[in-house]
Amino acid sequence: MSEKEKTEQRLSVFKTYKLYVGGKFPRSESGRVYEVTDSKGNWLANAPLSSRKDARDAVVAARKAFGAWSGATAYNRGQVLYRVAEMLEGRRDQFVREVADAEGLSKAKAAAQVDATIDRWVWYAGWTDKIAQVVGGGNPVAGPFFNLSSPEPTGVVAVLAPQESSFLGLVSVLAPVIATGNTAVVVASEKSPLPALSLAEVLATSDVPGGVVNVLSGRTAEIAAPLAAHQDVNAIDLAGADEVLAKELEIAAADNLKRVLRPQPVDNVDWAATPGIERMTAFLETKTVWHPTGSLGASGSSY
């Protein structure tokens, strides 16, 4: 048998995509999957169809990871995020293929988008130990006191990834959340979830602790509803919700969520533009400490 005949007879090994929850790769609790197709309608893979139970499990994992991640030094978080960028660079060709298939782009355009995505991750990694200096500091006080304000992470953030920008948009909404010490439950693009599910594999093999990022795929509305109403979710980014769904989720979130980041109209979003710090400050709380100036009794110390 010739080498050509052997090649022709070989069966392809199709990839099994799974969820990413608590640093592990479970199948959906429901056992359901749905077909993911390319821009021409050709089958690419079966993606897990997450259930409400999967969403609740992801919140539990994110809450468990929050204490250690928020308590890590900003410098350490920056190192961890930079390591993710290194690994993305090593798997660049895979992501170029997945982005090209997902969004119907040429290889050159997909490569440019992947490069921009890796650069975006590095950009946020560099902000981890700088954001506190920009949004915190000493405040002028008229009296025998001084006070200092410093930012602290909000907590567990549900992130609805953009529907049309499957990789660059995803990283643009995820990276600022975890760079500032929050943990995340990500709902991948319903139409194009494969780059997000592959990103989970990178996170799992990097230094990001399990539970800091949890990735779910499936019907955005079905997964987002329990996340918005969940009592242990502190904030939600509605980037991937349309106008109708966003309004429903805002109502569901009104009872318990501290922060809701509303989506911008799709026509007005340029994910390739250099971001500001708005997505980082959106999920930060400000803690202010007051202290008297002058003598502190027997110690004789003054400030």
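A charge is taken to sit over a ring if NZ of Lys or CZ of Arg is within 6 Å of the ring centre and within 35 degrees of the ring normal. In this predicted model, arginine 219 lies over the face of tyrosine 34, at 4.6 Å from the ring centre. A second arrangement of this kind involves arginine 63, which is placed over the face of phenylalanine 66, at 5.6 Å from the centre of that ring.

From charges over rings we can turn to rings beside rings, for which the count comes to 5 aromatic pairs. In one of them, the rings of phenylalanine 95 and phenylalanine 167 have centres 4.6 Å apart and planes at 5°, and because planes under 30 degrees apart count as stacked, the pair is stacked. This pair links distant parts of the chain, since phenylalanine 95 belongs to helix H4 (residues 92-103) whereas phenylalanine 167 lies in the loop between strand S5 (156-160) and helix H7 (168-179), 72 residues apart. Phenylalanine 95 has 0% relative accessibility and so counts as buried, and phenylalanine 167, with a relative accessible area of 1%, is buried as well.

Another pair is formed by tryptophan 123 and tyrosine 124, whose ring centres are 5.0 Å apart and whose planes stand at 90°, so that the pair is edge-to-face. Tryptophan 123 counts as partly exposed, at 29% relative accessibility, while tyrosine 124 is buried, with a relative accessible area of 1%. Together with Trp127, these two residues, Trp123 and Tyr124, form one aromatic cluster.

The loop that holds phenylalanine 167 follows strand S5, and this strand is mostly covered, with 5 of its 5 residues buried. Val156, Ala158 and Leu160 point one way from S5, whereas Val157 and Val159 point the other way, and all of them are buried.

Strand S5 also has two partners to consider. With strand S6 (residues 183-187) it pairs in the parallel sense over 5 bridges, and in S6 the bridge partner of valine 157 is alanine 184. S5, H7 and S6 together make a right-handed β-α-β unit. With strand S8 (residues 235-237), S5 pairs in the parallel sense over 3 bridges, and here valine 159 has aspartate 237 of S8 as its bridge partner.

Which residues of helix H8 are buried? They are Leu194, Pro195, Ala196, Leu197, Ser198, Leu199, Ala200, Glu201, Val202 and Leu203. Because 10 of the 11 residues of H8 (residues 194-204) are buried, this helix is largely enclosed by the rest of the structure.

Definitions and conventions
Residues are numbered from 1 along each chain as its sequence is written. This is a predicted model: local features need pLDDT of at least 70, side-chain atom pairs count only at pLDDT 80 or more; totals for chains, interfaces and linings use all residues. Side-chain values use heavy atoms; hydrogens and water are left out. Buried means under 20% relative accessible area, exposed over 50%, partly exposed in between (1.4 Å probe, protein chains only). Helices (H or I, at least four residues) and strands (E, at least two) are DSSP runs, numbered from the N terminus. Rings of Phe, Tyr and Trp (its six-membered ring) pair if their centres lie within 6.5 Å; planes under 30 degrees apart count as stacked, over 60 as edge-to-face and the rest as tilted. Two strands pair if DSSP finds at least two bridges between them. A crossover is right-handed if, with the strands pointing away from the viewer, the path from the first strand over the helix to the second runs clockwise.
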